[in-house]
Amino acid sequence: MAFPQGKAVAAAWAAPVALLALWQVACLSGLFPPQVLVPPSVVAQALADMAASGELQRHVGDSLYRLLVGFAIGAGAGMVFGAALALSRLVEAVLSPLFLTLWQVPVIAFVPLMVMFLGIDEPFKIAVVAIAAFFPMALATFDGIRGVPRNWFDVAKVYRLSLLQLIRRILLPATVPAVLTGLRISLTRAWVVLVAAELLAADSGIGQMMEMGRQLFQIDVVLAGVVVSGLIGFLLDRGARWVESRATRWRTA
Amino acid sequence: MKDQLARWPVRLVIGLVAPLLLIFLWQWQASAHSVTFAPPVAVASALAELLRNGDLLRDTLATLQRAFTGLAIGAPLGVAAGIAMGIWKPVDRLLGPLLHALRQVPMIGWLPLIGLWFGVGEGTELIVVSMSAFFPSMLNSHAGVAQVERRYLEVGGIYRFTTLQRIRFILLPAAMPLVLTGITQALAFAWISTIGTELLTGAGSGLGVAMQTAQVQQRLDIMLVVIGVTAALGFLINQLFRRLRQSLLRWQPAQS
């Protein structure tokens with residue numbers, strides 16, 4: 001499934017190629033005025049121009065940097081928080097009501113609040129990404145640890161495993177699948193929220209590139225932004241899925 | 001200690017510790033800091049004011065209307081597309097690649113393009129919200145139809161069902177749980193993207209617009225009221241749909 005061979009590869013490529021061809025033909029047919037839809041060749045040209053001037057790399061680089069830093073902070077904190085919540089009944093009793101309440105708020109609703117406190121500079125965008133990554137990660141880690149069968153802990157007791165051994169030998173392997181799924185969801189969520197935040201307030205990044213394109217009526221730039229953000233989202237999801245399947249292949253289906 | 005924690009009054013009290021601490025910390029910080037840092041008391045009075053002058057009701061209704069209109073457009077289209085793609089392979093081959101390609105772009109990312117096409121306003125917002133509702137409905141419906149057990153279809157074959165009968169009596173009921181899951185997800189997505197598009201376009205009225213205005217005016221009190229309402233509504237709507245789903249699926253044996 002992950003690595004289609006021969007015919008399957010051709011079939012997988014046929015559809016996107018046909019799609020591009022259709023798009024190009026639709027534009028050449030004159031059905032759409034160029035203010036509305038430009039053909040893929042023009043979008044490709046715009047991408048090439050922006051790549052030549054280094055503008056594209058700057059936007060993509062800035063976006064990915066924010067994603068990476070924010071995701072590392074948010075997912076890391078989420079993992080620790082989720083683990084603490086799952087391992088200690090006391091921590092759960094104290095913090096879970098607050099956590100579950102905050103979880104109801106769409107992350108995007110925090111955006112104006114954070115603009116107010118952090119301004120629209122880099123810390124704001126990293127904080128948005130971190131919050132977007134935090135919640136799914138905390139929940140996945142919590143579920144993962146709570147999902148470990150009780151009798152595994154009994155086995156650990158019988159073997160007199162120390163806490164460290166318990167974590168290394170039982171908790172980690174048992175929770176890796178759930179945590180990886182959480183990582184993937186966090187990563188794609190974080191990307192979506194980052195693009196939205198950049199649309200709203202930024203001086204660089206893919207979202208800002210699209211918003212500037214809209215304001216200047218540069219439809220080729222907007223479409224290029226759509227394509228690039230879609231491609232990055234797709235690659236992030238695929239990459240995370242690949243890691244997921246690699247890391248969990250020891251499990252029987 | 002463990003037994004104590006199992007009792008709900010104890011849990012309630014302990015669960016209130018963190019929020020209360022937060023509120024105290026906030027009140028204390030608010031009195032020490034600038035005017036923009038509204039204390040909890042100010043938030044309560046802002047809530048009272050917004051309730052009295054009707055702003056909150058107007059914005060809430062506008063947002064609800066937008067989200068549900070988007071859901072009403074996007075979800076049926078998504079369910080129809082998903083079922084059609086699940087039943088007829090050619091439709092899947094034709095539409096699948098296009099839809100999956102479109103799906104990769106963050107929904108809010110469509111806003112600049114659609115805004116360019118249709119202008120920044122109600123129409124653009126509705127299109128983006130409908131799209132957010134469309135995709136989860138489509139994906140789940142597709143999965144629902146695709147994983148109908150073969151033997152059900154074989155029974156249909158024995159009864160010489162027509163295509164329509166097959167859809168009506170086998171595929172739809174069997175796919176129903178996932179279709180409803182899709183619609184529930186669509187609702188959540190529609191709700192979030194409604195808030196998001198309102199924030200970004202800032203046109204008309206709505207909770208997102210109110211947040212945006214509060215941010216520009218540096219009114220933390222109003223902002224927090226609106227965020228609270230958004231969270232509470234999102235929670236309520238989700239609960240409502242969960243109940244609805246359960247009662248619609250009463251006939252099903254308990255699910256794993």
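**Helix packing between chains A and B**

The crossing of H5(A) and H11(B) is left-handed. On the side of chain A, the contact involves Pro112(A), Leu113(A) and Met116(A) of H5(A), and these meet Leu220(B), Met223(B) and Ile227(B) of H11(B). The residues of this contact comprise 6 nonpolar, no polar and no charged.

The geometry described here is taken from a predicted model. In that model, helix H5 spans residues 110-118 of chain A, and helix H11 spans residues 220-248 of chain B. The two helices pack at an angle of about 155°, and their axes are 10 Å apart. Angles over 145 degrees count as roughly antiparallel; H5(A) and H11(B) are therefore roughly antiparallel to each other.

Chain B also carries annotations from an unreviewed UniProt entry. The record assigns "transmembrane region" to residues 68-88, 100-120, 169-192 and 222-241 of chain B. In residues 68-88 of chain B, helix accounts for 95% of the span and strand for 0%, with the end C-alpha atoms lying 29 Å apart. Residues 100-120 of chain B are 57% helix and 0% strand, and here the end C-alpha atoms are 26 Å apart.

The same unreviewed entry places the annotation "domain: ABC transmembrane type-1" on residues 60-241 of chain B. Across residues 60-241 of chain B, the chain is 86% helix and 0% strand, while the end C-alpha atoms are 19 Å apart.

Terms used: Residues are numbered from 1 along each chain as its sequence is written. Chains are lettered from A and ligands numbered from 1 in the order in which they are written. This is a predicted model: local features need pLDDT of at least 70, side-chain atom pairs count only at pLDDT 80 or more; totals for chains, interfaces and linings use all residues. Axes are lines fitted to C-alpha atoms, for helices over the stretch in contact, and angles run from 0 to 180 degrees between N-to-C directions. Helices (H or I, at least four residues) and strands (E, at least two) are DSSP runs, numbered from the N terminus. Angles under 35 degrees count as roughly parallel, over 145 as roughly antiparallel, 65 to 115 as roughly perpendicular and the rest as oblique. A crossing is left-handed if the near helix is turned anticlockwise from the far one by less than a right angle, and right-handed if clockwise. Two residues are in contact if their C-beta atoms, placed from the backbone, lie within 7 Å. Ala, Val, Leu, Ile, Met, Phe, Trp, Tyr, Cys and Pro count as nonpolar, Asp, Glu, Lys and Arg as charged, and the others, Gly among them, as polar. UniProt positions are given in the numbering used here, feature names are shortened, and annotations may be inferred rather than shown by experiment.
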